[in-house]
Amino acid sequence: MMKRFVLLLSLGLATSAGAESAADVWKAKCAVCHGGDGKAQTKMGQKASMGDMSRPDWQQARTDAALRKVIAEGDPRNSLMKPFKDKLTPAQMDALVGYIRTLKAPAPP
Ligand code: HEC
């Protein structure tokens, strides 16, 4: 009984120590504003008229480096987008850029 508890506890710690996937980080820290699908169909999305990350033109207009910089340092155009460099590892921020790319909607046929 005790052994099982300790095992569960160490599993939990392993996850919070950085084994989280980009999808988990997105869900935990980004989706509240950007939405699970990046479309920003959220209260915050409406209030701040946030961009729809699933749009191909949105995706095309931004380089990976630009997305990475906003994640690390916040958005100079909108202070609601906070810097995450003290909350995430560089690897997590890189992975989030890749995750944002997966939010792109498929091109219409
Ligand atoms: C409190 C709400 C909020 C949270 C939480 C949040 N963002 Fe943002 N984010 C914004 C707002 C507002 C903007 C600026 C408006 C826009 O670009 O849609 C923005 C902008 C961005 C941009 C730049 C968009 C552009 O147009 O170039 C990126 C990239 C981004 N966020 C990624 C993230 C990631 C990754 C996370 C989680 C680690 C996150 N955001 C968490 C509100 C938030």
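Does Ser49 count as buried or exposed? In this predicted model, Ser49 counts as exposed, at 64% relative accessibility. The residue sits in the loop between α3 and α4 (56-60), and its backbone stands out a bit: phi is positive, about 35 degrees, although Ser49 is not a glycine. Ala40 shows a positive phi too, of about 60 degrees, and is not a glycine either. Its place is in the loop between α2 and α3 (43-47). Here the surroundings are another matter, because Ala40 has 5% relative accessibility and so counts as buried.

Now for the iron atom of the ligand. On the protein side, the donors are NE2 of His34 and SD of Met81, which lie 2.0 to 2.1 Å from the iron. His34 belongs to helix α2 (residues 22-34), while Met81 comes from the loop between α5 (64-73) and α6 (90-102), so this pair ties together parts that are 47 residues apart in sequence. Six donor atoms surround the iron in total, and the angles they subtend run from 88 to 179 degrees, so the arrangement is octahedral. For reference, the ideal values for six octahedral donors are 90 or 180 degrees. As for exposure, His34 has a relative accessible area of 15% and is therefore buried. Met81 comes out at 21%, which makes it partly exposed; the cut-off for buried is under 20%.

Helix α2 turns up again in the aromatic contacts. The count comes to one aromatic pair, formed by Trp26 and Tyr99. The two ring centres are 5.8 Å apart and the planes make an angle of 45 degrees, a tilted geometry. Since Trp26 lies in helix α2 and Tyr99 in helix α6, the pair ties together parts that are 73 residues apart in sequence. Trp26 itself counts as buried, because its relative accessibility is just 3%. A ring also features in a contact with a charge: the charged end of Lys87 sits over the ring of Phe84, 5.8 Å from the ring centre.

What about the cysteines? A search of the whole structure turns up zero disulfides. Cys30 is buried, with a relative accessible area of 12%. Cys33, on the other hand, is partly exposed, because its relative accessible area is 22% and the buried class stops short of 20%.

Key. Residues numbered from 1 in each chain as written. Predicted model: local features only at pLDDT ≥ 70, side-chain atom pairs only at ≥ 80, totals over all residues. Heavy atoms only, no water. Disulfide = S-S within 2.5 Å. Buried < 20%, exposed > 50% of the residue type's maximum accessible area, 1.4 Å probe, protein only. Donors = N, O, S within 2.8 Å, 3.2 Å for Na, K, Ca; no water. Tetrahedral: all angles 85-135°; square planar, octahedral: opposite > 155°, others 65-115°. Helix = DSSP H or I, 4+ residues; strand = E, 2+ residues; numbered from the N terminus. Phe/Tyr/Trp six-rings, centres within 6.5 Å; stacked < 30°, edge-to-face > 60°. Lys NZ or Arg CZ within 6 Å of the ring centre and 35° of its normal.
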